[in-house]
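Hi everyone, thanks for making time for this one. Please pull up the structure on your screens, and I'll walk you through a few places in it.

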Amino acid sequence: MALLGGNPSTQGIRLDLKTTTSVFEPGDLSVSCIRVETSNIASPPKPLLIVTPTIQGTYPVLLFLHGFELRNTFYTQLLQLISSHGYIVVAPQLYGLLPPSGIQEIKSAAAVTNWLSSGLQSVLPENVKPDLLKLALSGHSRGGKTAFALALGYADTSLNFSALLGLDPVGGLSKCCQTVPKILTYVPHSFNLAIPVCVIGTGLGDEPRNCLTCPCAPDGVNHVEFFSECKPPCSHFVTTEYGHLDMLDDHLSGCIGAISGYICKSGKGPRDPMRRCVGGLFVAFLKAYLEGQSGDFKAIVDEPDLAPVKLDPVEFIEA
């Protein structure tokens, strides 16, 4: 059953607003950013940015795939917020200046996944352990499409994913011009996925920045179609007043960082509320489906106004 902005199964339950809204703020854990290069045979197949709690414990792992032509470091503030709630985030740099074919990008993501079981522990702080039985997969923009393709089995992995998140995923330039592999079928609930899925879209992603640019998340290949093809349990949140890159860091380095602000239409406000919203949705979803703590997720579905930015629509289809 589809739920738009409210979940009848949670109506009448008294909500602890402090607990509910805490997912949109930094968590209680201190975190560290670790850069891992591909320097020797034991190194990962791609350079990594790892954001991890520093306090002793065993934590679920989130693999995060960057967007088209973007750097993994552009997401540092977002990933720090997620990690501070008790998650080890692994963000590979899948390519440099020139993106590979879609198939090769998926294979690279699979190679990083396969490295986790043998290599991740060696680069983490002392007494911090990864729980690879609780492994989630996510990605933004083209990386969101890559995450879906990897979950759909377009490359083999030695580990199983327990949850999937698509952050404004993009499958190509248009319905008739998908990137390879063409995973969108335009048949509702056709994705052969047996794991819970969360799709986060942006309200301005399908609008061009100006008359000289194209939309960064065009109609027909954006979050709307990705969600339509998901099987339950699946959820869909749209940040109505923000754009495709508005969850990135405030200050982006290099030439790519300099031009990123001129490519996609952006919201009028600062990026911090958008990052907190996206980070909070990630945390609430991961807590619900990796750790069995569904209170925050259900509360946000029931009361989208709890989020720091406007969410509309909000859809949740239960299993």
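Let me start with a word I'll be using a lot: buried means under 20% relative accessible area. Please also keep in mind that this is a predicted model.

With that cut-off in hand, have a look at Phe 64 and Phe 282, which are both buried. Phe 64 has a relative accessible area of 1%, and it sits in strand β4, residues 57-65. The two rings form an aromatic pair, 6.5 Å centre to centre with 50 degrees between the planes, and that counts as tilted. The pair links distant parts of the chain, since Phe 282 belongs to helix α7, residues 272-290, and the two residues are 218 apart in sequence.

Let's stay with aromatic rings for a moment. How many aromatic pairs does the structure hold? There are 10. Another of them joins Phe 64 to Tyr 75: the ring centres are 4.8 Å apart and the planes meet at 65 degrees, so this pair is edge-to-face, the cut-off for that being over 60. Here too distant parts of the chain are linked, with Tyr 75 in the loop between β4 and α2 (76-83), 11 residues from Phe 64. And is Tyr 75 buried or exposed? Buried, with a relative accessible area of 0%.

Now please turn to His 140, which is found in strand β6, residues 128-140. His 140 has 0% relative accessibility, so it counts as buried too. Setting aside residues up to four places away in sequence, His 140 touches a good list of residues, including both Phe 64 and Tyr 75, our edge-to-face partners, along with His 66, Asp 168, His 244 and Met 247.

Moving along the chain, we come to helix α4, residues 142-151. Because 9 of its 10 residues are buried, α4 is largely enclosed by the rest of the structure. Which residues of α4 are the buried ones? They are Arg 142, Gly 143, Gly 144, Lys 145, Thr 146, Ala 147, Phe 148, Ala 149 and Leu 150. I'd point out that Arg 142 and Lys 145 are in that buried list. And what covers them? The cover includes strands we have already visited, β4 and β6, as well as α3 (102-120), β7 (163-167), β10 (197-202) and α5 (223-228). Just after α4, look for Gly 153, which takes a positive phi of about 95 degrees.

On to the pockets. The largest pocket holds about 540 Å³ of space. It is lined by 21 residues, and the closest to its centre are Phe 68, Ser 141, Cys 216, His 244 and Ile 263. You may recall His 244 from the contacts of His 140. The elements giving two or more residues to this lining are β8 (172-174) and α6 (254-260), and α6 gives the most, with 3 residues. By type, the lining divides into 13 nonpolar, 6 polar and 2 charged residues.

Let me pick out Ile 263 from that group, which lies in the loop between α6 and α7. With a relative accessible area of 39%, Ile 263 is partly exposed. Leaving out its neighbours within four places in sequence, Ile 263 is in contact with Arg 209, Thr 213, Cys 214 and Cys 216. Cys 216 is also one of the residues closest to the centre of the pocket.

My last stop takes us back to rings. Ring pairs link Phe 237, Phe 285, Tyr 289, Phe 297 and Phe 316 into a cluster. Phe 297 lies in helix α8, residues 295-302, and at 3% relative accessibility Phe 297 counts as buried. Its contacts beyond four places in sequence are Ser 235, Phe 237, Ala 284, Phe 285, Ala 288, Tyr 289 and Phe 316. Helix α8 itself is mostly covered, with 6 of its 8 residues buried, among them Asp 296, Phe 297 and Asp 302.

One more ring before I stop: the charged end of Lys 175 sits over the ring of Tyr 186, 4.6 Å from its centre.

That's my tour, and I'm happy to go back to any of these places with you.

Definitions and conventions:
Residues are numbered from 1 along each chain as its sequence is written. This is a predicted model: local features need pLDDT of at least 70, side-chain atom pairs count only at pLDDT 80 or more; totals for chains, interfaces and linings use all residues. Side-chain values use heavy atoms; hydrogens and water are left out. Rings of Phe, Tyr and Trp (its six-membered ring) pair if their centres lie within 6.5 Å; planes under 30 degrees apart count as stacked, over 60 as edge-to-face and the rest as tilted. Helices (H or I, at least four residues) and strands (E, at least two) are DSSP runs, numbered from the N terminus. Buried means under 20% relative accessible area, exposed over 50%, partly exposed in between (1.4 Å probe, protein chains only). A charge sits over a ring if NZ of Lys or CZ of Arg is within 6 Å of the ring centre and within 35 degrees of the ring normal. On a 1 Å grid over the protein atoms alone, a cavity is a set of points where a 1.4 Å probe fits but cannot get out, and a pocket is an open set with protein on both sides within 12 Å along at least five of seven lines; lining residues have an atom within 4 Å of a point. Grid points are joined across faces, edges and corners, and a volume is the space filled by probe spheres set on the points. Ala, Val, Leu, Ile, Met, Phe, Trp, Tyr, Cys and Pro count as nonpolar, Asp, Glu, Lys and Arg as charged, and the others, Gly among them, as polar. Contact means heavy atoms within 4.5 Å.
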